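Trainee: I'm new to this structure and would love a close look at its empty space. Could you walk me through the pocket and the cavity?

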Amino acid sequence: MLSIVKFRGIFVAGQANFPPSLIPYAAFRICHFDTEGRQNVWSKHLNSSPTRLQSRVGIFWDLDNKPPKSLPPYEAATKLKAAASHFGVVKHMVAYANRHTFSHVPQNVREQRKERKLLNHLENKGVIKPTEPYLCRVCGRKFYTNEKLINHFNQIHEREHIKRLNTIESAKGNRRVKLVAKFSMKMEKYKKAARSILTPKVGYGLADEIKHAGFWVRTVLDKPQAADIALKGHIVDMMDNKQVECVVLVSDDCDFVDVLKEAKLRCLKTVVVGDTNDGALKRTADAAFSWEELLMGKAKKEAVSVVEKWKDRDILKRLEWAYNPEVEKKKYSPDDMVTEANLDEDISDTCDEVDGAYSYKEDSNAWWELDTDDDFINKQPGK
């Protein structure tokens, strides 16, 4: 008895040393009794985690139909990701476009480049002077003209970046992995500085900016509807493999209506981001927002109510009756019907035998005539 008390004291003391979040795990691993109670604690602890309750979100961006216009590409991509994160955990971010979309330069970007070129010319002439010197974000040197900063960046930092890339490409195996880890900080610092200093050679850096925001960018052939077909196939593959539970589509193209309907038939959540006020996509989807609403934070406010509606809908679907043909076949199978019929026949035969035994009597009166006392005495044995 004393040993049992000591063991109990040691177990309680060991359980008290665990943090509160680890007590269910420790109790489940140590105790081998009361399995039902421990499993209930285990399941409640896992189901209470917020990340387990959130659905997996996939962002599918049709850049041919909906390129970022009012915002720079990187800022637009980060805003889109932040808005989609209110509907669940963002797991996949995909953008499709043809080569013309990535090489095209919008009109507002052209005007900005013309203004920058004019300012550079006036700075070189000495007509205007900047209020603050231009700072190199890689080495920290200061310059009083923008062109000197660009020349410095091209002559020193761009050459160093090319040397690093060549060194990594020439290495193999474990040495290449070590070089990538060694140069990762410098390469990331170079990329951030180059976005604001260097002018992209092709387009205005749409693909690179969106890639930097975390999107997987795919270039398709210069054919009509090539990006739509590729994006549809990607969405269907994601649904077939059950990798997403919420589809966020950035487009105004009505060709994606069938994909959204298919997603809703598979009980997936659908959200559309576009500028068309009363389009077919927005009428089909569960929730819809425009770029302005997304930037103003309206999507963040409405996401709470939308997610609550989705939760209520899921609960109602769980409570609905579902027809399972296998269960119904087992319940009403022909074999069971035969056995039931046989039981009915056996019961009827038994009843007939009992009725026959009681109905067959010698010198019995009719059923409506009652036996007298004398008749009952005469029927007794020995009389």
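Mentor: Here is a walk through the open space, followed by the enclosed space. This is a predicted model, in which local features need pLDDT of at least 70, side-chain atom pairs count only at pLDDT 80 or more, and totals for chains, interfaces and linings use all residues. Residues are numbered from 1 along each chain as its sequence is written, and side-chain values use heavy atoms, with hydrogens and water left out.

The largest pocket has a volume of about 1,600 Å³. On a 1 Å grid over the protein atoms alone, a pocket is an open set of points with protein on both sides within 12 Å along at least five of seven lines, a cavity is a set where a 1.4 Å probe fits but cannot get out, and lining residues have an atom within 4 Å of a point. Points are joined across faces, edges and corners, and a volume is the space filled by probe spheres set on them.

Of the 43 residues lining this pocket, Ala194, Arg195, Leu198, Thr199 and Pro200 are the closest to its centre. Two or more lining residues come from each of α7 (107-125), β3 (134-135), α8 (146-170), α9 (173-197) and α10 (206-212), with α8 giving the largest share, eight residues. Helices (H or I, at least four residues) and strands (E, at least two) are DSSP runs, numbered from the N terminus.

Turning to enclosed space, the structure holds one cavity of 30 Å³ or more. About 40 Å³ of space lies in the largest cavity, and α5 (73-84) and β7 (269-273) each supply at least two residues of its lining.
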